[in-house]
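Dear colleague,

I am handing over the structure we spoke about, and my notes on it follow directly below. Please read them alongside the coordinates and tell me where you would like more detail.

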Amino acid sequence: MSEKQRPNPLREGLSNRAVPQPCAIVIFGATGDLTHRKLVPALYNIAADGELPPAVAVIGFARRPKTDEEFRAEMEEATRKHSRQTVRDEIWDGFAQSLFYHQSEFADEAGYKKLAERLDQLDAESGTRGNRLFYFAASPEQFEIIVENLQKAGLNKSPNGGWARVILEKPFGTDLKSARHLNRVVQRSFSEDQTYRIDHFLGKETAQNILVLRFANAIFEPLWNARYIDHVQITAAETLGVENRAGYYEGAGALRDMVQNHLLQLLCLVGMEPPTDLGADSIRDEKVKVVRSLRRYKEDEVGTQVVRGQYGAGAIAGESVAAYREEKGVDPKSHTETFVALRLRVDNWRWADVPIYVRVGKRLPKSGTEISVHFKKAPQVLFNRESQAIDQNVLVIRIQPDEGISLRMQAKVPGTSFRIESVKMDFHYGTSFGKASPEAYERLLLDAMAGDATLFARRDEVEQAWAFIDTIHEAWAVKEGAPKLCSYPAGSWGPEEADELMARDGRAWRRL
Ligand code: BG6
């Protein structure tokens, strides 16, 4: 090997991604669920893995009075409960010193002025270099007032050549109109480059691997089109019910909660064309084209192409569970869907006539998210003659749990007779790489600190996705003749109508 070809041993193993920079992270809604369950545990895990930039200060911004010490103790308890790795005292003690609490109402301008002073002080004391990441983990009705007050305090720009960025949690609007409004509000103060709309599914290891699978292997791309693919299925199943989120979920439902964002994002990764390079905008340019190519349903088509369901009482893993309408905070006459199955079409050359079936539901028998690509059958000659119909090849991308990829193919059963059966070639992240994948939030927080927006949704992606979803909501909202809300027992795979949606096309949902 020539000197030139030999890898630099000091760079080996280093990725070529942008480096996260020292910064202050201000979390609005610091006493909420997301901060406890995801954000602070994610930051701790980044610290434990030695990936946190040398100077990071985390400032919890919330209404209730609290000292830094009280906030640290609360975060310690939450992190011990929710962290991916066991919390080690020596690492926690160091990390806790970078946690601070800032008490203020979201609407109180003076609170932001004081925040600005505190951030300047932290720049001087901790070396956060004027870089600020504002994480909106509060409820969406508060976003507008927070953005306005950040601007009034001059915090939308950063002093001394640093940067200011906002991370916005979902739901990003409830329809196209509200999403546009929110985008306008945010962009009065922060440019698109400063805006990071989070979709935590994009931070999941296997979701990121879809692009590698497709574009770093020469064998898949030639087959990845209508000529070889019969159909695609995307399933996100959860055993959980609505938990204690009825206040939000009643107004959202499965279509807004999961399809508009997470499932359409997965569809984009599976369906997009190869980007010209790996830059954030090149990738997002290709993704948005997929959403734009989604065939819009006419009002009278929604009933045949989309099934909505709501769980009734049933059992999960042998335990009885209540019906959705009996859950705490749910209207006993609620029409909110907890399940939805859709038959989609992407109208472009690659996907012409390939149906894409998407289903998502709560209180299903098993939790799991996967994408399966079902290839066309081998021609009906040789082994595929009438008596021995053989299965299709199926490529399954398991997003969670047990992340990995498997390929179903045909093999001869050993023995003197000639029998053919399906076998699986299986790749498991856990065994191949021998280490657990980081949580989605870890990756996304690091990317935002590094200024890499690839795994965040751009304004046009979000708006296009709403434009598509709105057509379904509009058909559901008509006074007369709206498609019915089907029912399914908790612990089943959704309403029978979802199976019929597939059966009409001579297909069936894959068993998870
Ligand atoms: C959230 C939804 O965005 O994603 C929840 O609001 C859902 O309803 C959750 O349970 C699923 O995410 P994960 O990472 O647990 O699969």
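Leaving out residues up to four places away in sequence, T239 touches I316, R363, L364, P365, K366 and S367. Please keep in mind throughout that this is a predicted model. T239 sits in the loop between β7 (229–237) and α8, and, because its relative accessibility is 22%, it counts as partly exposed, the cut-off for buried being under 20%. The C-alpha atoms of T239 and P20 are separated by 36 Å, and these two residues are 219 residues apart along the chain.

The ligand site may be of most use to you. The residues that surround the ligand are K170, H200, F201, K204, E238, R245, D257, M258, H262, K362 and Q400, and by character this shell divides into six charged, three polar and two nonpolar residues. Helix α8, which covers residues 246–271, gives the most to the shell, with three residues. As for individual distances, an oxygen atom of the ligand lies 2.5 Å from an N or O atom in the side chain of D257, while for the side chain of K170 the distance from a ligand oxygen atom to an N or O atom is 2.8 Å, and for the side chain of H200 the corresponding value is 2.8 Å. On its own the ligand has 400 Å² of accessible area, of which the protein covers 77%.

Two residues of that shell, K170 and Q400, also take part in unusual backbone geometry. A cis peptide bond joins K170 to P171, with omega at about 5°, and P171 lies in the loop between β5 and α6. The peptide bond from Q400 to P401 is likewise cis, with omega near -15°, and P401 is placed in the loop between β14 (394–400) and β15 (404–412). The loop between β14 and β15 also holds D402, whose phi is near 50°, a positive value in a residue other than glycine. D402 is partly exposed, because its relative accessible area is 41%, which falls between the 20% and 50% limits.

A317 is another residue with a positive phi although it is not a glycine, the value being about 45°. A317 is found in the loop between β9 (314–316) and β10 (319–321), and it counts as exposed because its relative accessibility is 78%, the limit being over 50%. As background to these cases, most peptide bonds are trans, and most residues other than glycine have a negative phi. Just after α5, a positive phi of about 75° is taken by G154, which is a glycine.

Turning to the helices, α6 (residues 176–189) has 14 residues and reaches 21 Å from its first C-alpha to its last, which is close to the 20 Å expected at 1.5 Å a residue. Its buried residues are L176, A179, L182, N183, V185, V186 and S189. An α-helix has 3.6 residues a turn, so residues three or four places apart point the same way. The elements that cover the buried residues of α6 include α5 (143–152), β5 (164–168), β6 (195–197) and α13 (459–477). In α5, the buried residues are F143, I146, V147, N149 and L150, and they pack against β1 (23–28), α4 (109–126), β4 (132–136), β5 and α6.

Which side chains does the buried N183 form polar contacts with? N183 belongs to helix α6 and counts as buried because its relative accessible area is 0%. One polar contact, of 3.0 Å, joins its side chain to that of R197, and another, of 2.8 Å, joins the side chains of N183 and E463. Neighbours within four places in sequence aside, N183 is in contact with F172, R197, R459 and E463.

With best regards

Note on methods. Residues numbered from 1 in each chain as written. Predicted model: local features only at pLDDT ≥ 70, side-chain atom pairs only at ≥ 80, totals over all residues. Heavy atoms only, no water. Near = heavy atom within 4 Å. Polar contact = N/O pair within 3.5 Å; in protein donor to acceptor, adjacent residues only side chain to side chain. Areas by Shrake-Rupley, 256 points an atom, 1.4 Å probe, with all protein chains shown as cover. Helix = DSSP H or I, 4+ residues; strand = E, 2+ residues; numbered from the N terminus. Nonpolar A, V, L, I, M, F, W, Y, C, P; charged D, E, K, R; others polar. Expected span 1.5 Å × (residues − 1). Buried < 20%, exposed > 50% of the residue type's maximum accessible area, 1.4 Å probe, protein only. Contact = heavy atoms within 4.5 Å.
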